[in-house]
Amino acid sequence: MRKVLFALLLACGALPAAAQEARPFDATIHDDEHKIYIKMDLYDKDISVPGQDVLGKVDGYIGSKQSRTTWMIISSTLIDERTAELEVVNDYGSEDFTAELKANHDGTYTYRKKDGSTLKFAVKGKWQKIPSRVEFRKEK
């Protein structure tokens with residue numbers, strides 16, 4: 001009986017790890033080269049953007065470690081278990097774009113802008129334009 005109980009406890013311990021892997025779009029990912037990050041939950045769509053509480057809950061946001069500018073993910077569609085399409089708007093509502101985010105099998109993420117405005121952040125008085133393709137990795 002003890003062996004069965006022990007086996008059940010071990011099996012239950014592995015469930016959170018499997019559940020986390022099954023939700024690749026519930027994470028914070030970052031790109032060190034451009035010093036940007038994406039905080040997202042494309043499943044429950046319940047992320048609060050710091051300083052933008054008036055907007056309510058959104059799917060996520062893209063921020064910079066060097067700027068206060070924020071781009072909100074206002075809508076997302078899961079294409080399959082590893083690919084999502086994002087609709088993103090800046091914090092003024094004046095620019096928007098669509099992008100694809102792919103969760104790769106090696107734990108990285110590939111962001112690819114499809115159309116619309118350029119993702120950019122005000123850094124030290126100049127615009128830092130982000131390339132249309134960026135590799136992100138999960139925060140530890």
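Among contacts in the chain between residues at least 6 apart in sequence, what percentage join residues at least 24 apart? In this chain that share is 38%. Please keep in mind that the model is predicted.

I'll begin with the overall layout. The chain contains one helix and ten strands. Going along the sequence, the helix comes first and the strands follow, in the pattern α-β-β-β-β-β-β-β-β-β-β. The chain has 140 residues, and 38% of them count as buried. Its exposed surface is about 8700 Å², with carbon and sulfur atoms supplying 54% of that.

Next, the aromatic residues. The count of aromatic pairs comes to five. One of them is Trp71 with Phe97, a tilted pair, with 5.4 Å centre to centre and 55 degrees between the planes. Trp71 is in strand β4 and Phe97 is in strand β6, residues 96–103, so this pair ties together parts that are 26 residues apart in sequence. Both Trp71 and Phe97 are buried.

Another pair is Tyr111 with Phe136. This pair is edge-to-face, at 6.3 Å centre to centre and with 80 degrees between the planes. Here too, distant parts of the chain are linked: Tyr111 belongs to strand β7, residues 108–116, while Phe136 belongs to strand β10, residues 133–138, and the two residues are 25 apart.

Are Tyr111 and Phe136 buried or exposed? Tyr111 is buried, because its relative accessible area is 2%, and the cut-off for buried is under 20%. Phe136 is buried as well, with a relative accessible area of 2%. Taken as a group, Trp71, Phe97, Tyr111 and Phe136 form one aromatic cluster.

Back to strand β4, which spans residues 67–80 and also holds Ile74. Why does Ile74 count as partly exposed? Its relative accessible area is 48%, and partly exposed covers the range between the 20% limit for buried and the 50% limit for exposed. Which residues does Ile74 touch, leaving aside its neighbours within four places in sequence? The contacts are Asp59, Glu87 and Val89. For Asp59, which sits 15 residues away along the chain, the C-alpha atoms of the two residues are separated by 6.0 Å.

One last item, a charge over a ring. Lys120 lies over the face of Trp127, 5.0 Å from the ring centre.

To go back to the opening question, 38% of the contacts between residues at least 6 apart join residues at least 24 apart. The Trp71 and Phe97 pair, 26 residues apart in sequence, and the Tyr111 and Phe136 pair, 25 residues apart, are the two examples I chose to show.

Terms used. Residues numbered from 1 in each chain as written. Predicted model: local features only at pLDDT ≥ 70, side-chain atom pairs only at ≥ 80, totals over all residues. Heavy atoms only, no water. Helix = DSSP H or I, 4+ residues; strand = E, 2+ residues; numbered from the N terminus. Buried < 20%, exposed > 50% of the residue type's maximum accessible area, 1.4 Å probe, protein only. Contact = heavy atoms within 4.5 Å. Areas by Shrake-Rupley, 256 points an atom, 1.4 Å probe, with all protein chains shown as cover. Phe/Tyr/Trp six-rings, centres within 6.5 Å; stacked < 30°, edge-to-face > 60°. Lys NZ or Arg CZ within 6 Å of the ring centre and 35° of its normal.
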